[in-house]
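The following exercises concern a single protein chain. Each task is followed by a worked solution.

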Amino acid sequence: MQHRRRGTLSARLTAAALSLVLGTAPVLAGAVLDHVGTYVWRYDHASFGGFSGIEISPDGRSFHALTDRSHLYWGSVERDDQGLIRGMNIAGRANLQDSQGKPLPPGYTGDSEGLAVDQDGGIWVSFEGLDRVASYPDPDRPAVRLPRPPQLPGMGVNSGLEALAIRDDGTLIAVPERSGGPDLPFPVLAFDGAWSRLTQIRRDPRWLPVGADFGPDGLFYLLERDFRGILGFSSRLRRMELTPDGPRNEEILLETRPLQYDNLEGISVWDDGQGIRITMISDDNFMFLQRTEIVEYRLHDTTRQAQRN
C-alpha cells in the first residue's frame with residue numbers, strides 16, 4: 001500500500017491507523033514497510049525450533065539460523081521469481097561448543113540468543129544466563145572466548161545480552177533484554193577488543209529488545225517484543241543512527257497487532273537489488289501450538305528518496 005505524503009491531518013491519521021492494522025509502518029514515519037511474504041519452516045529434528053537469530057547473505061540466497069539451545073543451522077534459501085521464499089534447504093547444523101570443545105547443553109550455559117555474521121563469514125553469538133559473547137570461525141570447532149561483558153542493571157538469568165549486531169568496521173554491538181526498570185533506557189555495549197558502553201536507547205515500558213542488525217544503509221535496526229499473555233505476541237521494529245551522543249533520527253518502522261505473527265526474535269537486514277529487505281524469524285518455544293515463521297518486508301524509504309530527488 002502506498003500513502004500520499006500530503007493531505008489533511010485527519011486523513012493522514014486515518015491512514016496511519018489503517019497501516020497499523022495491516023502491519024505496515026505508520027504513515028507519519030519517513031519510511032514504509034510492505035509485507036513481502038511469510039514462510040512457515042518445518043524440519044523433523046529434535047534440535048529444530050526455538051530460533052532466536054537469523055542472518056541472510058547479501059544476495060538473499062543463503063542463511064544462518066540460531067536456536068536458543070546452542071544449535072546453529074545453515075543452508076540455502078529457495079526463492080521464486082518474485083523473491084518469495086519457497087524453501088529453506090539445510091546444508092548443515094552444529095551443536096555449538098564451549099572453548100574446551102564440549103557441546104553446550106540447553107539452559108544456563110547454552111542459552112544462545114544473538115547472532116551476527118561478519119563480512120569474512122565469522123560467526124558471533126551472544127548468550128544469556130552465563131552472559132558472554134563467543135566467536136565461531138568454524139561452527140564445528142570450539143568457541144573462541146571474548147572477555148566477559150560488564151554486568152549491567154537488569155541483567156540476570158533469562159535477561160542478558162539478547163540482541164547482537166556487527167558494524168562494517170567489525171565492532172560488535174550488544175543490547176540486553178532489560179534495563180533495570182521500565183523507565184530506564186537500554187544500555188548499548190560495544191566490543192572492539194574491549195567492552196565499553198557506547199550509548200543508550202530509549203525504553204518504552206512494554207517493549208523489550210530481542211534482535212538487532214545493521215542495514216546496508218548503515219543504520220541500526222532493533223526488533224522488540226511485547227508479550228500480552230493469552231493475546232500472544234506483538235512485534236515492533238525501530239531504526240536509528242547509533243552515536244556516542246545517543247540515537248539520532250529514530251523511526252518506528254513496524255508495530256504488529258497481537259497474534260499477527262508468532263514470537264519474532266531474529267532479524268536480518270539486507271539489500272535485494274530493489275532496496276532494503278528485512279527478514280525476521282520466530283521462536284516457537286518448542287511448543288506444538290506455535291510455529292517457526294520467516295517473515296519478510298521490503299522497505300520503501302520515502303524520506304531519503306525525497307532528499308535524493
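**Exercise 1. The chain as a whole**

What does the accessible surface of the chain come to, and what percentage of it belongs to carbon and sulfur atoms?

Solution. The accessible surface is about 14,100 Å², and 50% of it belongs to carbon and sulfur atoms; such areas come from the Shrake-Rupley method with a 1.4 Å probe, and for residues only the protein chains shown count as cover. The model is predicted: local features need pLDDT of at least 70 and side-chain atom pairs count only at pLDDT 80 or more, while totals for chains, interfaces and linings use all residues. Residues are numbered from 1 along each chain as its sequence is written, and side-chain values use heavy atoms, with hydrogens and water left out.

Next, consider confidence. The average pLDDT (the predictor's confidence in each residue, from 0 to 100) is 88, and 87% of the residues score at least 70. Over residues 1-28, however, pLDDT stays under 50.

Finally, consider the fold. The chain has two helices and 20 strands, taken as DSSP runs (helices H or I, at least four residues; strands E, at least two; numbered from the N terminus). Of its 309 residues, 56% count as buried, that is, under 20% relative accessible area, with exposed over 50% and partly exposed in between (1.4 Å probe, protein chains only).

**Exercise 2. The surroundings of R238**

Determine where R238 lies and which partners its side chain has.

Solution. Step one: R238 belongs to strand β16, residues 233-241, and is buried because its relative accessibility is 0%.

Step two: its side chain makes a polar contact with the side chain of E224 at 2.8 Å, where a polar contact is a pair of N or O atoms within 3.5 Å; within protein, one must be able to donate a hydrogen and the other to accept it, and residues adjacent in sequence count only if both atoms are side-chain atoms. The R238 side chain also reaches the backbone oxygen of R202 at 2.9 Å.

Step three: E250 and R238 form a salt bridge, with the closest N and O atoms 3.2 Å apart; the term requires a side-chain nitrogen of Lys or Arg within 4 Å of a carboxyl oxygen of Asp or Glu. Since E250 lies in strand β17 and R238 in strand β16, the pair ties together parts 12 residues apart in sequence.

Step four: R238 and E250 belong to a salt-bridge network that also links R202, D204, E224 and R236.

**Exercise 3. A second pair**

Which parts of the chain does the pair R239 and D301 tie together?

Solution. The two side chains meet in a salt bridge of 2.8 Å, N to O. R239 lies in strand β16 and D301 in the loop between β20 and α2, so the pair ties together parts that are 62 residues apart in sequence. R239 is buried at 2% relative accessible area, and D301 is buried at 11%.

Key
Contact = heavy atoms within 4.5 Å.
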